[in-house]
Amino acid sequence: MYKSALESIVIGISVCNKNASERTVGLFLDNYDGSNDGYIVKGLKVPGNTTVEIMSGNKIVLQNSGSAGDVLRAEASAGSSIDVVLSVLEDV
């Protein structure tokens, strides 16, 4: 059976600073249809050698029309120092 619209649910986001110095992180949701874009977090200060859990029980539904989809984008003050890990339920 073909599904023209797919959904994924983000159930967890962790940000790890692998450096000893504090880094700043932003996570942005880019909605595929251009509406309701927005930051999940902006300017989040992550202490050195620390992992921060972003979601804390919340969920984000990502949609895909079959030809275009929502995108989560990460930005960091030092990209090589930051890892972002998502826990996602696909095609639900």
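## Contacts along the chain

Start with how this chain holds on to itself: among contacts with a separation of 6 or more, 75% involve residues 24 or more positions apart. Keep in mind that this is a predicted model.

## Strands and overall dimensions

On secondary structure, the tally is 7 strands and 0 helices. Reading from the N terminus, you simply get β-β-β-β-β-β-β.

As for dimensions, a box of roughly 50 × 25 × 20 Å, set along the principal axes, takes in the C-alpha atoms of the chain.

## Surface and charge

The chain has 92 residues, and 24% of them count as buried. About 5600 Å² of the chain is exposed, with carbon and sulfur atoms supplying 48% of that area.

Charge-wise, there are 11 negative side chains and 7 positive ones. The centres of these two sets sit 7 Å apart.

## A closer look at Ser81

Where does Ser81 sit relative to β6 and β7? You'll find Ser81 in the loop between them, with β6 covering 71-76 and β7 covering 82-89.

Is Ser81 buried or exposed? Its relative accessible area is 7%, and the cut-off for buried is under 20%, so Ser81 counts as buried.

Which residues does Ser81 touch once its neighbours within four places in sequence are set aside? The contacts are Cys16, Asn17, Lys18, Asn19 and Arg23. So, to put the picture of this residue together: Ser81 is a buried residue, placed in the β6–β7 loop, and in contact with Cys16 and Arg23, among others.

Technical notes:
Residues numbered from 1 in each chain as written. Predicted model: local features only at pLDDT ≥ 70, side-chain atom pairs only at ≥ 80, totals over all residues. Heavy atoms only, no water. Helix = DSSP H or I, 4+ residues; strand = E, 2+ residues; numbered from the N terminus. Buried < 20%, exposed > 50% of the residue type's maximum accessible area, 1.4 Å probe, protein only. Contact = heavy atoms within 4.5 Å. Areas by Shrake-Rupley, 256 points an atom, 1.4 Å probe, with all protein chains shown as cover. Lys, Arg positive; Asp, Glu negative; His and termini not counted. Charge placed at Lys NZ, Arg CZ, Asp CG, Glu CD.
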